[in-house]
Amino acid sequence: MVVPDRWKTSCLVPVPKKKHPSTHSDYRPVALTSHVMKSLERLVLRHLRTVVGPSLNPLKFVYQPQIGVEDAIIFLLHRAYTHLEEAGSTVRGMFFDFSSAFNPVQPALLNKKLLDMQVDAPLAAWIHN
């Protein structure tokens, strides 16, 4: 299964981050992709969620429908407050910014993980493509 190149092509549009941009870093790139590809990606995502959903970590709060940052904060606070109810206990927190840490996707590794999660081979190959 092969994705046509025209579907994978996008047009990058610079969008200003502030009112009067003066340098290239004052813009963020927005990729405009094919409507056909966006629709197809949504269909594939809906199918993938049903297949790999049981394998996902229940504490994963990103890219989940109807789950957001608020849910992660509530979970964290609940765990901390529950622990603090014990006499003499303390809580330490550490926060990391992973905003760009996972940008480079390794297609072969992703393909293997999808197959390990019982995604059918043609769909995994399409995603890999």
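Visitor: In this predicted model, is C11 buried, exposed or partly exposed, and how should I read the value behind that label?

Guide: The label partly exposed belongs to the range between 20% and 50% relative accessible area. In this structure C11 has 45% relative accessibility, and it therefore counts as partly exposed. The residue sits in strand β1, which spans residues 10-16.

Visitor: Which residues does C11 touch, once those up to four places away in sequence are set aside?

Guide: With those residues not counted, C11 touches V30, A31 and L32. A further distance can be read from the backbone: the C-alpha atoms of C11 and S34 are 9.1 Å apart in space, while the two residues are 23 apart in sequence.

Visitor: Where is D26 found, and is D26 buried or exposed?

Guide: D26 is found in the loop between β1 and β2, the latter covering 27-33. Buried means under 20% relative accessible area, and D26, at 9% relative accessibility, therefore counts as buried. Leaving aside neighbours within four places in sequence, D26 is in contact with V15, P16, K17, K18 and P21.

Visitor: How should I read a nonpolar core, and which residues make up the largest one here?

Guide: The general idea is that in soluble globular proteins nonpolar side chains tend to be buried together. In this model the largest nonpolar core has 10 residues in all, namely V3, M37, V44, L48, V52, L114, V119, L123, A124 and W126. Two elements, α2 and α5 (121-128), each give two or more residues to this core, and the largest share, 4 residues, comes from α2. For one of the core members, V52, the contacts beyond four places in sequence are with M117 and V119.

Visitor: What does a positive phi tell me to look at, and which residues have one here?

Guide: As a general background, most residues other than glycine have a negative phi. Here Q66 has a positive phi, near 60°, and Q118 has a positive phi as well, near 70°. Q66 lies in the loop between α2 and α3, whereas Q118 lies in the loop between α4 (107-116) and α5. With exposed meaning over 50% relative accessible area, Q66 counts as exposed because its relative accessible area is 83%, and Q118 counts as exposed because its relative accessibility is 63%.

Visitor: How many aromatic pairs does the model contain, and what is the geometry of F61 with F75?

Guide: The count comes to 1 aromatic pair. F61 and F75 form this pair, with ring centres 5.9 Å apart and 45° between the planes, an arrangement classed as tilted. The pair links distant parts of the chain, since F61 is in the loop between α2 (35-52) and α3 (69-84), F75 is in helix α3, and the two are 14 residues apart. As for accessibility, F75 counts as partly exposed because its value is 29%.

Visitor: How much space lies in the second largest pocket, and which residues line that pocket?

Guide: About 160 Å³ of space lies in the second largest pocket. The residues that line this pocket are L76, L77, R79, A80, H83, V91, R92, G93, M94 and F95. Read by class, the lining comprises 6 nonpolar, 2 polar and 2 charged residues.

Key. Residues numbered from 1 in each chain as written. Predicted model: local features only at pLDDT ≥ 70, side-chain atom pairs only at ≥ 80, totals over all residues. Heavy atoms only, no water. Phe/Tyr/Trp six-rings, centres within 6.5 Å; stacked < 30°, edge-to-face > 60°. Buried < 20%, exposed > 50% of the residue type's maximum accessible area, 1.4 Å probe, protein only. Core = buried A, V, L, I, M, F, W, Y, C linked by side-chain atoms within 4.5 Å. Contact = heavy atoms within 4.5 Å. 1 Å grid on protein atoms, 1.4 Å probe; cavity = no way out; pocket = protein on both sides within 12 Å on 5 of 7 lines; lining within 4 Å. Points joined across faces, edges and corners; volume = space filled by probe spheres on them. Nonpolar A, V, L, I, M, F, W, Y, C, P; charged D, E, K, R; others polar.
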